[in-house]
Amino acid sequence: MIFKPFMREGFMPLPVAFISTRSREGINNIAPYSCIMPVLRPLDLICLASAEKRDTLANIRETREFVVNLAGKSFMEKVIPTARFSPPEQDEFALADLTPRPSETITSPGIEGAYAWMECTLSGFHKGEGYTLIMGQVTRLEVDDIYLTPDGRLDLEKARPLMMTGGKKGMHYCTAADLDKSDSFGAMFPDGKDPLAGVYE
Ligand SMILES: Cc1cc2nc3c(=O)[nH]c(=O)nc-3n(C[C@H](O)[C@H](O)[C@H](O)COP(=O)(O)O)c2cc1C
């Protein structure tokens with residue numbers, strides 16, 4: 001079956017990350033964003049694609065910081081309350097019955113209950129037609145220990161990261177399954193050695 005080109009995310013499950021920001025006036029905001037990706041290993045950059053009419057984008061323009069909160073199934077019921085239009089003067093933590101988590105490196109708070117969170121400062125914008133790419137530099141990445149396996153990976157069974165596929169009828173929520181197989185980064189190189197191995201030490 002052929003699909004319209006814009007229906008990419010129907011076949012490419014995306015994370016549902018919750019972006020928390022604080023306005024210059026001190027009002028906390030949350031919005032779900034799925035168009036989000038890390039920029040190359042081992043850079044500490046993360047990229048969000050934002051529409052123009054977003055309090056999130058306005059707050060990042062003002063304060064140059066944001067938090068990417070990664071959460072599991074329990075946040076499924078928080079998607080619509082935080083995605084619905086609400087005026088900039090509305091505190092969306094209160095609206096969605098979520099608790100702010102004070103950040104360590106920036107003033108915008110994270111969200112209690114996320115399994116991992118990234119405090120970010122603005123690295124730059126790329127303006128396109130009808131969208132802006134927000135490049136963030138991750139200043140602190142923290143994972144709740146209970147979601148780590150003994151060898152330090154994300155325990156997918158415990159975290160059940162909230163993801164979605166988009167289709168004609170809207171958003172379908174899903175999660176990632178563990179395939180119980182790993183490969184080393186070195187396996188990509190002829191000598192079997194990962195040239196970036198040092199950065200993990
Ligand atoms: C699952 C999901 C993913 C979304 N992803 C994005 C996205 O990547 N970029 C974007 O600009 N809006 C996205 N939205 C829409 C915003 O979350 C929504 O417009 C929200 O009201 C923006 O809030 P704000 O004005 O407080 O920033 C998404 C909505 C949902 C439900």
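Which residue follows α1, and what is the sign of its phi? In this predicted model, local features require pLDDT of at least 70 and side-chain atom pairs count only at pLDDT 80 or more, while totals for chains, interfaces and linings use all residues. Residues are numbered from 1 along each chain as its sequence is written. Helices (H or I, at least four residues) and strands (E, at least two) are DSSP runs numbered from the N terminus. α1 is followed by Arg-64, which has a positive phi near 60°.

Within α1, the residues Asp-55, Thr-56, Leu-57, Asn-59 and Ile-60 are buried (20 or more other C-beta atoms within 10 Å of their own, C-beta atoms being placed from the backbone). These residues pack against β2 (17-22), β3, β5, β6 (65-70), β9 (116-128) and β10 (131-143), contact being C-beta atoms, placed from the backbone, within 7 Å.

The ligand is surrounded by 18 residues, of which Ala-31, Cys-35, Arg-54, Asp-55 and Thr-56 come nearest; a residue is near a molecule if its C-beta atom, placed from the backbone, lies within 6 Å of it. Two or more residues of this shell are given by each of β3 (28-33), β5 (45-50), α1 (55-63) and α2 (79-83). β3 supplies the largest share, four residues.

An open antiparallel sheet is formed by three strands in the order β1-β11-β12, pairing being assigned if DSSP finds at least two bridges between two strands. β1 (14-15) and β12 (170-174) are at the edges with a single partner strand each, so one side of each lacks a neighbour in the sheet. Two bridges join β1 to β11 (residues 163-167) in the antiparallel sense, and Leu-14 lies opposite Met-164 of β11.

Methods. Buried ≥ 20, exposed ≤ 12 C-beta atoms within 10 Å, placed from the backbone. Contact = placed C-beta atoms within 7 Å.
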